[in-house]
Amino acid sequence: MSEVYDILIVGAGPGGLTAGIYGSRAKLKTAVLEKGRPGGQAATTMEMENYPGFFKHTSGPGVMDEFLAHAQHFGTVVLKGQVTDLDLDGEIKSVTTKTGETYKGKTIILSPGATPRTLGVKGEGPLRGKGVSYCATCDADFFEELDVVVVGNGDAAIEEAMYLTKFAESVTVVVIHDEGVLDCNKMSAEKAMKNPKIKWIWNSVLEEIQGEELVEGVLVKNIKTDEITELEVNGVFVFIGSVPNTDFLQGKVALDKWGYIPTNDKMETDIPGVYAVGDARVKVLRQVVTAAADGAIAAVTAERYLEGHVEGRVTPEMLQKLNK
Amino acid sequence: MLELSKENFDAEVLEAQGLVFVDFWSPKCEPCMALLPEVEAFAAKNAGRAKFCKLDTAGNRRLAIAQKVMGLPTLVFYKGGEKVFTFDKEALEADGMAAVETKFEELVA
């Protein structure tokens, strides 16, 4: 327990693991704490073809296994635990896990990631795990020969909808925009539009999920006409963005009003020696490649901090600007 | 842990008298794989106090659906063939295996 790491990383998604690679290769004593299985949200998606160099027969879990092996190869220690408390003041910082273990680091890189956002409609909570899902790779198998609805139209929604067509009888995507308008990348949009198993409902939102013990149907509301249509489905897959996993950081580092961690371009937070990377950071594009870039920058910034370089900081003024 | 399938599920779970624990999982489900070592440790630690089983839903999806399980991971306690408590993904993410152990002690007593 007396071990003090040079870099202690919280969260082993792509950002945290890349920080591990860079930290270890700089010969710094580097450890990453992970509450579940390494890989973050990227490890829950089968369809991943936008990480440079990985486009043939690769999957989210496959690429993330490579990240993990890479970090461990250079000496990153992988620890298991869910961080519930942190002491970020002073030169030696510490984090405490749910099971009571304490780990110490001269610098901390926060890589807590994000969790899928829920719809907040009637029936969603009680039918979670009974037809309502936020993880296509976890649950797609159940829907062989059954009908499912997908809510959302960003990259995740459209890519997972295509993945689901390999299992489900039909996949109906409920899109809030006008016909033909999708928020996802153009290549995925074109592919999905051509997929005969995907049906589209435009200008609409999900109003309610129905079912006793399992999902039996949904109510879809057209936002232009207010017309409500009943749809018989066995599954509802929700991909409407994410919320940052930063509850445990409240009062520890500055967060914006949505709970994201603001940093400057060196990944510095408002606390010296504490950095943030990945999906939980304030940023424009949340992807594996940007998380990895964050991780590399944070590790290098941490290295410079350990060498005694003066660093910048997120200031209250910056935070105020963000919250506008 | 005892591997369940459609062949032995009724006999081992629904027709069993005592407390039976079932881990519904699939190798494709990353959260399930993350949880598996802890589930196995929990089963090993309490061996003999209840029956500990796991069901790979990949080849047994109709069976899982019949048990009203359509999301993974799901951990279920059965007693006298009846479902007595279910932990879904959300509950497991929030409280982990500690909550399962507490529930187990309550049910096994």
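Biologist: What covers the buried residues of helix H4 of chain A?

Modeller: Among the things that cover them are helix H3 (136-139), strand S9 (147-151), strand S10 (170-174), helix H5 (186-194), strand S11 (198-201) and strand S15 (235-238) of chain A. Helices (H or I, at least four residues) and strands (E, at least two) are DSSP runs, numbered from the N terminus. A heads-up: this is a predicted model, where local features need pLDDT of at least 70 and side-chain atom pairs count only at pLDDT 80 or more, while totals for chains, interfaces and linings use all residues. Residues are numbered from 1 along each chain as its sequence is written, and chains are lettered from A and ligands numbered from 1 in the order in which they are written.

Biologist: What makes H4(A) "mostly covered"?

Modeller: A residue is buried if 20 or more other C-beta atoms, placed from the backbone, lie within 10 Å of its own (exposed: 12 or fewer; partly exposed: in between). In H4(A), residues 155-164, nine of the 10 residues are buried. They include A:Asp155, A:Ile158, A:Met162 and A:Leu164.

Biologist: How many residues of chain A are in contact with chain B?

Modeller: It's 20 residues of chain A with 21 of chain B; contact needs C-beta atoms, placed from the backbone, within 7 Å. H3(A) gives the most to chain A's side, with three residues.

Biologist: Over in chain B, why is H2(B) called roughly parallel to H4(B)?

Modeller: Helix H2 (residues 30-45) and helix H4 (residues 89-108) of chain B pack at about 10 degrees, with axes 11 Å apart. Axes are lines fitted to C-alpha atoms, for helices over the stretch in contact, and angles run from 0 to 180 degrees between N-to-C directions. Under 35 degrees counts as roughly parallel, over 145 as roughly antiparallel, 65 to 115 as roughly perpendicular and the rest as oblique. So H2(B) is roughly parallel to H4(B). Residues including B:Leu35 and B:Phe42 in H2(B) meet residues including B:Leu92 and B:Val100 in H4(B).

Biologist: How do you know that chain B is as compact as a globular protein of that length?

Modeller: Its radius of gyration is taken over C-alpha atoms, and the globule rule is 2.2 Å times the number of residues to the power 0.38. For 109 residues the rule gives 13 Å, and chain B comes out at 13 Å, so it is as compact as a globular protein of that length. Chain B has four helices and five strands, in the order β-α-β-α-β-α-β-β-α along the sequence. Of its 109 residues, 38% count as buried.

Terms used:
Contact = placed C-beta atoms within 7 Å.
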